[in-house]
Amino acid sequence: MDNKIIYEQHNWEQLDTSRLAPKIQKVLENIPADVRSIIDIGCGNGVITNELGKKYQVLGVDRSRRALEFVITPKLEASCDAIPVEGPFDMVFSSELLEHLPDQVFYDTIKEFKRLAGKYIFITVPNGENPDKLSIRCPSCGYIFNRPNHLRSFRVQDFNKLFPEYTIIRSFTFGKKVRYYHPLLLNLKRKISPATAWIPYYWIPRTDRHAICPRCEHPFFCPWRFHPLAFAVDVANVLVSPKKPYWLFVLMEKKEAHV
Ligand SMILES: [Zn+2]
């Protein structure tokens, strides 16, 4: 499944630098001192890319032409699993990309990261997220999917497996603390309450509940309706699930670069 329409229709105009300022600062602080050139893969509207461009030679890559209109560094319209550029760059940077990729694209993207990285790979992803937590149901075809289209979740050990040729030189969690959802409770909630009760209003504001079904491409508004059983499960979850910082940052260095 190709989610092209979803990313073309995404609200890229909302270049929310203020909300992301602490994250951008954290990214800048953690770029190794010997980095000069960066390829930012899945750069979106350049909210981070444009900042990187003030200090580094940056190439922003994204598949969405509309998103790239906001990128002011050199840029390239391409899918992250086949990037028509030779490289290498001192550092491959990728923020909030990998969790969106279906399997076939994901593994080819990992290969592209390795091909294009001269020395470092710097990735940020949601921290061990449970993507089912933000499930909604398409009112047209009944398909259940994660509203922000997150398909996979990562912990730091996953990067050891994905990048055996690299050493993790820094990893940490960062950002606003968000509550996790116990998978069994989530399953229970989905069984005993209607889809409109699955995502409480305080997780996604009422004004921000538009979605596009990745299966049938039906655009719809997903309202929130109170349901006592869903509420009861949410309360139970507060008792068993901790809050953790939203992002995971992982900085890796190519092993042969030490030699
Ligand atoms: Zn659908």
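## Exercises: a sheet, its cores and a zinc site

Strand 5 (residues 117–126) and strand 11 (residues 243–254) run antiparallel and pair over seven bridges. Keep in mind that this is a predicted model.

**Exercise 1. Place the pair of strands 5 and 11 in its sheet, and work out which strands form the edges.**

Start with one residue of the pair: T124 sits opposite F249 in strand 11. Now zoom out. The sheet is open, has seven strands in the order 3-2-1-4-5-11-8, and its pairing is mixed. Read off the two ends of that order: strand 3 (75–77) and strand 8 (166–179) are the edge strands, each pairing on one side only. As for the twist, neighbouring strands in this sheet are turned by 15 degrees against each other on average, direction ignored.

**Exercise 2. Find what helix 5 lies across, and what helix 5 gives to the largest nonpolar core.**

First, the packing: helix 5 (residues 103–116) lies across strand 1 (37–41), strand 4 (89–95), strand 5, strand 8 and strand 11. Its direction makes an angle of about 140 degrees with strand 5.

Next, the core. The largest one holds 29 residues, and L98, F159 and F163 have the most contacts inside it. Two or more residues each come from strand 1, strand 2 (57–62), strand 4, helix 5, strand 5, helix 6 (156–162) and strand 11. Helix 5 supplies the largest share, five residues.

Then pick F159 and skip its neighbours within four places in sequence: its contacts are L98, I123, V125, F154, I168, L248, V250 and M252. Don't stop there, though: a second, separate core has 19 residues, V35, L52, V58 and L251 among them.

**Exercise 3. Decide what geometry the zinc ion has, and whether C138 is buried or exposed.**

List the donors: the SG atoms of C138, C141, C213 and C216 coordinate the zinc ion at 2.3 to 2.4 Å. Check the angles: they span 106 to 116 degrees, so the four donor atoms are arranged tetrahedrally. The cut-off asks for all angles between 85 and 135 degrees.

Now look along the chain, where the donor spacing is C-x2-C-x71-C-x2-C. C138 is in the loop between strand 6 (135–137) and strand 7 (144–146), while C216 is in the loop between strand 9 (210–212) and strand 10 (219–221). These two are 78 residues apart, so the pair links distant parts of the chain.

Last step, accessibility: C138 has a relative accessible area of 1%, so it counts as buried, since the limit is under 20%. C216, at 33%, is partly exposed.

Note on methods:
Residues are numbered from 1 along each chain as its sequence is written. This is a predicted model: local features need pLDDT of at least 70, side-chain atom pairs count only at pLDDT 80 or more; totals for chains, interfaces and linings use all residues. Side-chain values use heavy atoms; hydrogens and water are left out. Two strands pair if DSSP finds at least two bridges between them. Helices (H or I, at least four residues) and strands (E, at least two) are DSSP runs, numbered from the N terminus. Axes are lines fitted to C-alpha atoms, for helices over the stretch in contact, and angles run from 0 to 180 degrees between N-to-C directions. Contact means heavy atoms within 4.5 Å. A nonpolar core is a set of buried Ala, Val, Leu, Ile, Met, Phe, Trp, Tyr and Cys residues joined through side-chain atoms within 4.5 Å. Buried means under 20% relative accessible area, exposed over 50%, partly exposed in between (1.4 Å probe, protein chains only). Donors are N, O and S atoms within 2.8 Å of the metal (3.2 Å for Na, K and Ca); water is not among the atoms, so sites may look incomplete. Four donors count as tetrahedral if all angles lie between 85 and 135 degrees; four count as square planar and six as octahedral if opposite donors are over 155 degrees apart and all others between 65 and 115; anything else is irregular.
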